[in-house]
Amino acid sequence: MNKIVYMLILLCVATVHAADKPNILVILSDDVPWNFLGYQGGQVESPNIDRLAKDGVRLEAFYTQSVCSPTRAAMLTGRYPFRTGSIARFNQTDGVLLDERFLSEVMQEAGYWTAIVGKWHLGNWGSEYLPRQRGFDHQYGTYGGVIDYYARSRHPGKPNEIYDWHRNGQPLFEEGYTTDLIGNEAVRLIENHSGEKPFFMYVPFTAAHEPHQAPEEMLAYYYEKHGKTAKAKIAAMTHIMAEQIGRILNGIDQRGWTKNTFV
């Protein structure tokens, strides 16, 4: 599946003239159970994701990786994770092997403005492994794999706490819920994009990866449905992510780019 998606994007770019190149938006959820979403018969209210499934193409006969980072590496390189050094926490390296070629690099060479908004986790701290050295003009979000959704750090309040929220390589201190902040940044970039170049925007949400946290109002809504369970927490996190996807799609529509954007 990952290679198919990779090749579809490259084919889409290669077969049009420069002036007609579509914008490309890639959205990735993290650890959302496959049967939670509305279009899969689940009980999470996800009309914006359901609409993409209804109006787009659903690939249902394939396998992906069972862990998030190898999946990310495969999707952005078009190669099996054992080739990228990501099959087991980067095989004792600092990130995806440096001789791998990322989709973002290809898009830059094709004349695209490139941005990642959300979770990277393909190389945490060595500067050569970070997004802006792997083909992204703009970076926003977390480098690592797990952060608190409010504190934006690993192990908050403990001696080994590590703050991990950045914009273009600089620490960024913001208040709010992480999923909402990812949506805010993606919408802001779309609203302010000059249009001189088409954009390739990769939006890997942290939801619904642990820690399972969500605003109290949304938690209460799903506690009524599923009790105070992990299922209810994941459902609440997924619901909020679906809302933010709707905001991003609406931002594209407001710019008049819906018909020229490949999602």
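Which residue in β6 is the bridge partner of Y140? R167 is, and the view of β3 below shows the pair's surroundings. Everything here is a predicted model, where local features need pLDDT of at least 70 and side-chain atom pairs count only at pLDDT 80 or more, while totals for chains, interfaces and linings use all residues. Residues are numbered from 1 along each chain as its sequence is written, and side-chain values use heavy atoms, leaving out hydrogens and water.

**View 1. The whole protein, before zooming in.** There are eight helices and nine strands to find your way around; these are DSSP runs numbered from the N terminus, with helices being H or I over at least four residues and strands E over at least two. Of the 263 residues, 49% count as buried, meaning under 20% relative accessible area, while exposed is over 50% and partly exposed lies in between (1.4 Å probe, protein chains only). About 13,100 Å² of the protein is exposed, and carbon and sulfur atoms supply 51% of that; these areas come from the Shrake-Rupley method with a 1.4 Å probe, and for residues only the protein chains shown count as cover. Take the contacts with a separation of 6 or more, and 66% of them link residues 24 or more positions apart, a contact being heavy atoms within 4.5 Å.

**View 2. The open sheet, strand by strand.** Seven strands line up as β7-β6-β3-β2-β8-β1-β9, with mixed pairing. The edges go to β7 (170–171) and β9, each with a single partner strand, so one side of each has no neighbour in the sheet. Two strands are said to pair when DSSP finds at least two bridges between them.

**View 3. β1 between β8 and β9.** Strand β1 (residues 23–28) is mostly covered, with five of its six residues buried. On one flank, β1 runs parallel to β8 (residues 199–204) over five bridges, and here L28 sits opposite P204. β1 also pairs with β9 (residues 261–262), again in the parallel sense, over two bridges; look for N23 across from T261.

**View 4. β2 and its two parallel partners.** Four bridges tie β2 (residues 113–119) to β8, and W113 has F199 as its bridge partner there. β2 also pairs with β3, this time over five bridges and in the parallel sense. In that pairing, A115 is matched with H138.

**View 5. β3, and the switch to antiparallel.** All five residues of β3 (residues 138–142) are buried. Two bridges join β3 to β6 (residues 166–167), and this pair runs antiparallel. Here's the match from the opening: Y140 in β3 with R167 in β6.

**View 6. Helix α3 lying across the sheet.** α3 (residues 68–77) lies across β1, β2 and β8, at about 170° to β8; axes are lines fitted to C-alpha atoms, for helices over the stretch in contact, and angles run from 0 to 180 degrees between N-to-C directions. Ten of the ten residues of α3 are buried, so the helix is largely enclosed by the rest of the structure. Among them are C68, R72 and M75. Just past α3, G78 takes a positive phi of about 75°.

**View 7. Helix α6 and what it packs against.** The buried residues of α6 pack against β2, β3, β6, β8 and α8; they include L181, I182, V187 and I190. With 15 residues at 1.5 Å each, α6 (residues 178–192) should span 21 Å, and its end C-alpha atoms are indeed 21 Å apart. That expected span is 1.5 Å times one less than the number of residues.

**View 8. α2 crossing α8.** The axes of α2 (residues 47–55) and α8 (residues 230–254) come within 7 Å and cross at roughly 60°. N48, I49, R51 and L52 from α2 meet M241, A242, E243, I245, G246 and L249 from α8. Sort the contact residues and you get six nonpolar, two polar and two charged; Ala, Val, Leu, Ile, Met, Phe, Trp, Tyr, Cys and Pro count as nonpolar, Asp, Glu, Lys and Arg as charged, and the others, Gly among them, as polar. As for α8 itself, its 25 residues should span 36 Å, and the end C-alpha atoms are 36 Å apart, which agrees. Just after α8 comes G256, with a positive phi of about 75°.

**View 9. E216 in α7.** E216 belongs to α7 (residues 216–226). Is E216 buried or exposed? Exposed, with a relative accessible area of 61%. The C-alpha atoms of E216 and A236 are 9.4 Å apart, although the two residues are separated by 20 residues along the chain.
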